[in-house]
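Student: I would like to test the terms on one example. Can we set each value against its cut-off?

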Amino acid sequence: MVQRSDVNYFGAGPAPLPTVVLEKASQALLNYQDKGLGLCEISHRSPEANAILAETKQALSDLLEIPDDYDILFLQSGGSGEFSAVVYNLVAIWVEKKRAKIAEEVGDNKEEILKRLRKVVDEELKVDYLVTGCWSLKASQEAARLIGAKHVNVAADARKANDGKFGKIPSEDQWSLTPRSAGGPAFVYFCDNETVDGVEFPSFPKSLEGEDAPIVVADMSSNFISRKVDVKKYGVIFGGAQKNIGNAGITIAILKKSLLPPQSPYASPELLRELNLPVGPIVLDYPTIAKNNSLYNTLPIFDVWVAGQVMKALVNSYGAKRISSQEEISDEKANLIYGVLDKYTDVYRVVPDKSVRSRMNICFRVAGGDADKEKAFLAGAEKKGLLGLKGHRSVGGIRASNYNAVSLDGAKLLASYLEEYAKSI
């Protein structure tokens with residue numbers, strides 16, 4: 001029988017979890033805190049569940065040094081649900097700001113307010129997307145589906161800089177962001193790490209900084225808690241848990257409190273319908289989720305507990321260095337693997353440009369993408385217990401996902417196999 005210690009799993013998600021957390025989870029599922037009930041059986045409104053929520057929030061806050069003026073929400077529907085949620089919520093804020101400004105000018109004349117507001121929405125509503133891979137593309141497409149393509153400004157499309165394929169991030173001077181002088185967009189959206197394409201932003205874009213900076217939304221699903229993040233630069237950070245944080249089932253959103261009422265009133269559902277703009281489901285409504293401490297509906301507390309255990313272990317391991325220690329380990333593992341790939345360029349070709357290589361999802365081709373040789377590579381890896389290396393079905397090739405639970409020893413074993421395979425052909 002194959003044991004956990006016999007394999008190293010490099011799958012892109014769901015991803016490996018620390019064995020010690022899974023061992024604790026097996027006990028918690030059967031009898032949580034010696035209460036005679038498993039963790040999946042207790043009420044999501046119980047004192048135990050509230051304690052789990054509080055502890056998990058605190059662990060994430062400690063790791064990323066999240067300021068007090070941010071809230072942490074636990075939602076469902078995955079990262080893809082957040083593609084919709086950010087549009088529903090942030091467009092509602094933008095519309096209400098415009099409505100209030102018009103009302104100051106014309107008073108209580110509702111017909112005139114609506115007339116002017118329709119014109120403003122038609123002419124000025126923009127949401128900006130930096131499309132650098134599969135997931136940011138899907139997010140932009142969802143925005144277009146919800147509010148109409150005319151309102152979606154693809155400020156950067158990386159395929160245009162790379163012969164129709166993802167693999168680069170255009171320089172910022174090539175981006176066509178909605179001008180701040182014209183009021184700016186309702187938000188700017190980017191995916192910090194593209195899981196499928198192996199592209200990661202090296203740092204926060206300078207063109208999104210400044211006192212008059214737009215609301216910035218980042219999908220960090222596949223590089224969450226893998227490096228230091230200046231949370232203050234973002235309006236919303238979100239990520240599905242199933243990469244670096246836990247098992248599939250919850251999505252975590254870090255949200256600036258100023259994007260919640262009363263600081264930011266939202267347009268009413270009635271007004272949005274009058275403007276032919278979408279009204280989102282209540283379970284994706286940030287004010288509702290925040291007001292109810294993420295317990296508006298039944299939250300899978302077991303999933304929150306697992307995420308909390310993973311993050312608390314990092315806090316306990318790294319102490320004052322916090323997430324910086326994990327960043328060092330992630331970088332060391334990635335450098336090991338990329339080092340071998342770059343050593344044997346006649347055998348391996350790393351897909352993305354060197355300037356934007358992901359530390360989390362290392363995408364490469366074997367023998368120029370020769371199907372038989374890539375199958376042989378995967379078969380050889382599997383014999384050595386190196387699993388989950390097949391690339392995404394949409395792009396093929398090989399992908400080694402270097403998430404936090406992949407050990408340094410696991411990365412060394414993969415690097416050793418890469419050397420061995422390269423010398424064998």
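Tutor: Start with burial: buried means under 20% relative accessible area, exposed means over 50%, and partly exposed lies in between (1.4 Å probe, protein chains only). This is a predicted model, where local features need pLDDT of at least 70, side-chain atom pairs count only at pLDDT 80 or more, and totals for chains, interfaces and linings use all residues. Residues are numbered from 1 along each chain as its sequence is written, and side-chain values use heavy atoms, with hydrogens and water left out.

Student: Why is Cys 191 called buried?

Tutor: Its relative accessible area is 2%. The limit is under 20%, so Cys 191 counts as buried. Cys 134 has 13% and is also buried.

Student: How do you know that Cys 134 is in no disulfide?

Tutor: A disulfide is a pair of cysteine sulfur atoms within 2.5 Å. The nearest cysteine sulfur to that of Cys 134 belongs to Cys 191, 9.0 Å away. Seen from Cys 191, the closest cysteine sulfur is that of Cys 134, and 9.0 Å is too far for a bond. The structure holds zero disulfides.

Student: What makes Glu 112 and Arg 116 a salt bridge?

Tutor: The term needs a side-chain nitrogen of Lys or Arg within 4 Å of a carboxyl oxygen of Asp or Glu. Here the N to O distance is 2.9 Å. That is within 4 Å, so the pair qualifies. Side chains of opposite charge can pair when their charged atoms come close.

Student: Why are Glu 112 and Arg 116 about one helical turn apart?

Tutor: They are four residues apart in helix 4 (residues 110-124). Helices (H or I, at least four residues) and strands (E, at least two) are DSSP runs, numbered from the N terminus. Glu 112 has 24% relative accessibility and counts as partly exposed. Arg 116, at 36%, is also partly exposed.

Student: What makes Glu 419 and Lys 343 a link between distant parts of the chain?

Tutor: Their side chains meet in a salt bridge at 3.1 Å, N to O. Glu 419 sits in helix 11 (residues 408-424), Lys 343 in helix 9 (residues 323-343), and the two are 76 residues apart. Lys 343 has 52% relative accessibility; the limit is over 50%, so Lys 343 is exposed.

Student: Is the salt-bridge pair Glu 374 and Arg 365 buried or exposed?

Tutor: Buried: Glu 374 has 8% and Arg 365 has 18%. Both values are under 20%, so both residues meet the term. Their N to O distance is 2.8 Å. Elsewhere, salt bridges that share partners join Asp 192, Glu 200, Arg 227, Asp 331 and Arg 359 into one network. By this rule the count comes to 27 salt bridges.

Student: What makes strand 12 and strand 14 a pair?

Tutor: Two strands pair if DSSP finds at least two bridges between them. Strand 12 (residues 361-366) and strand 14 have four, in the antiparallel sense. Four bridges satisfy "at least two", so these strands pair. Asn 361 has Ser 401 as its bridge partner in strand 14. Cys 363 has Arg 399 there.

Student: Why are strand 11 and strand 14 said to stand at the edges?

Tutor: The open sheet of three strands has the order 11-12-14, with antiparallel pairing. Strand 11 (348-350) and strand 14 each have a single partner strand, so one side of each is left without a neighbour in the sheet. In strand 14 (residues 398-401), Ile 398 and Ala 400 point one way, Arg 399 and Ser 401 the other way, and all are buried.

Student: Which strands are the edges of the seven-strand sheet?

Tutor: That open sheet has the order 2-10-9-8-5-3-4, and its pairing is mixed. Its edge strands are strand 2 (70-75) and strand 4 (152-157), each pairing on one side only. Within the sheet, strand 9 (residues 236-240) and strand 10 (residues 251-256) run antiparallel and are joined by five bridges. Five also satisfies "at least two", so they pair. Phe 238 stands opposite Ala 253 in strand 10.

Student: How do you know that Tyr 296 is partly exposed?

Tutor: Its relative accessible area is 37%. That lies between 20% and 50%, so partly exposed is the right term. Tyr 296 lies in the loop between helix 7 (286-291) and helix 8 (301-318).
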